[in-house]
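Please look at the structure shown here before reading the explanation below. The text is meant to be read with the chain in view.

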Amino acid sequence: MKKMILAVIIILAAGINFGQSKVGTTAANFLTIPVGSKATGMGGAFVAVANDATGLYWNPGSISWLERSEFNVSYSEWLVGTKFNWIGLAFKITDNDAVGISVNQLDYGEEEITTPEEPNGTGQRWKAQDISLAVTYSKNLTDRFSIGGSLKYIRQQIWNESASAFALDIGLLFHTELDGLRIGMNISNFGTEMKLDGKDLLQSVDIDPANTGNNDKITATLNTDSWTLPLIFTVGLGYDLIKMEDWKVVLATDAVYPNNQSSYLNLGTEVSWKRMIALRVGYNSLLKTDAEEGLSAGVGLMYDFGPVYAKVDYSYNQFGIFDAINRVSVSVGF
């Protein structure tokens, strides 16, 4: 056990900030946007905590540990006027099994189309959005160890062009013999490549312009490049520093190793009272090259009505030269 904990600590420390940045080398980067106000309030250090329905995103191996089924809706005004939405349902089948379904969407909005000939608009509008649909299964293999996986369909669309892919997430959660200490691991977006296609790529060409009399209106398709998905490996520790009848303090840290940028650390903590009020603070993307992310904070309110409970969570996240990100999440447990 001590050797396993030591190995995780070494993984957390090794490789941070030593890899070459590969920003802009993958498609569907909306898949890397953090989900949920609770997790983001803790700086995104959540792979070993993952104790709500957003575990469908952070660590699919965690939802089998939920006490009840839970439905979660999260909303945020993302960068430069876009809107980011996440909806998830984690459903307990048995004490040791759970399934889930989730939808992840980044909406770029729509604008009127203008041309040099019609600068006031053509009467048409263009829009763009990214969306991911996932189904998840999680199981407790022992009283300490669980594993889970998500199969995802991913689609990006901009006006008449679109690209799609399938991907797999695999997560593990281990409750160690040291009371309150958990180890979490997750690999996400292992899947196929994405390639844009659509009617705007159809072009009329003359394949033999040197000769007259041939067909100069042959339809051809422009061939676009294929792009890989943002593959991310995350390993983290979560520890219940204080766990009393009324008070609970959780500390967490994640080491994140993406294939499209430099590695970094997330740090976070949560202080809760009587499972009714929670205060959170964290730091996202520590040691990341050219990071815009930074300090985060959040608050959560929960009330248990008996058969069901309701939660409202809010988080604030710094984002460098951009406006701060505010997230709101509403959860219902049953």
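The paragraphs that follow go from the overall outline of the chain to particular strands, the core and the empty spaces.

The model is a predicted one. Its chain has 334 residues, of which 44% are buried. Three helices and 19 strands make up the secondary structure. The C-alpha trace spans about 85 × 40 × 40 Å along its principal axes. If contacts between residues at least 6 apart in sequence are considered, 57% of them join residues at least 24 apart.

Strand 18, which covers residues 309-319, is a convenient place to begin. How many bridges does strand 17 form with strand 18? The two strands pair through ten bridges, and their sense is antiparallel. One pair of bridge partners consists of A297 and Y316, the latter in strand 18. Four residues separate strand 17 from strand 18 in a hairpin, and within the turn G306 has a positive phi of about 105°.

On the other side of the pairing pattern, strand 18 also runs antiparallel to strand 19, to which it is joined by nine bridges. Here Y314 has V328 of strand 19 as its bridge partner. The hairpin of strand 18 and strand 19 has five residues between the strands, and G320 takes a positive phi near 55° in it. The residues of strand 18 itself fall on two faces. Y309, K311, D313, S315, N317 and F319 form the covered face, whereas A310, V312, Y314, Y316 and Q318 form the uncovered one. Both Y314 and Y316, named above as bridge partners, thus belong to the uncovered face.

Two further residues have a positive phi without being glycine. W159 has a value of about 55° and is found in the loop between strand 5 (145-158) and strand 6. Its relative accessibility is 35%, so W159 counts as partly exposed. R275 also has a positive phi of about 55°, and its place is the loop between strand 15 and strand 16. R275 counts as exposed because its relative accessibility is 56%.

The interior comes next. In soluble globular proteins, nonpolar side chains tend to be buried together. The largest nonpolar core of this chain has 35 residues, and those with the most contacts inside it are A28, F30, F46, W78, I154, M194 and L229. Helix 3 (55-58), strand 2, strand 3 (97-112), strand 6 and strand 14 each contribute at least two residues to this core. Beyond its neighbours within four places in sequence, M194 is in contact with residues that include A27, A28, I154, A163, W227 and L229.

L56 lies in helix 3. Is this residue buried or exposed? L56 is buried, because its relative accessible area is 3%. Residues up to four places away in sequence left aside, L56 touches I63, W86, G88, L89, A90, G100, I101, S102, T136 and S150. From L56 to L231 the separation is 175 residues in sequence and 17 Å in space, C-alpha to C-alpha.

The last topic is empty space. Rolling a probe the size of a water molecule over the atoms shows where such space is left. The second largest pocket has a volume of about 1100 Å³. Its lining consists of 41 residues, and K38, N51, E67, K248 and R275 are the closest to its centre. R275, the exposed loop residue described earlier, is therefore met again here. Among the elements that give two or more residues to this lining are strand 6, strand 13 (232-243), strand 16 (277-286) and strand 18. Strand 17 gives the most, with four residues. By residue type, the lining of this pocket divides into 19 charged, 15 nonpolar and seven polar residues.

The chain also has one cavity of 30 Å³ or more. The volume of this largest cavity is about 50 Å³. P34, V35, G36, S74, Y75, S76, F84, W86, R327 and V328 line the cavity. Strand 1 (70-77), strand 2 (83-92) and strand 19 (325-333) each give two or more residues to the lining, and the largest share, three residues, comes from strand 1. Six of the lining residues are nonpolar, three are polar and one is charged. Two of the names are already familiar: W86 is touched by L56, and V328 is the bridge partner of Y314.

Note on methods
Residues numbered from 1 in each chain as written. Predicted model: local features only at pLDDT ≥ 70, side-chain atom pairs only at ≥ 80, totals over all residues. Heavy atoms only, no water. 1 Å grid on protein atoms, 1.4 Å probe; cavity = no way out; pocket = protein on both sides within 12 Å on 5 of 7 lines; lining within 4 Å. Points joined across faces, edges and corners; volume = space filled by probe spheres on them. Nonpolar A, V, L, I, M, F, W, Y, C, P; charged D, E, K, R; others polar. Buried < 20%, exposed > 50% of the residue type's maximum accessible area, 1.4 Å probe, protein only. Pairing = 2+ DSSP bridges. Core = buried A, V, L, I, M, F, W, Y, C linked by side-chain atoms within 4.5 Å. Contact = heavy atoms within 4.5 Å.
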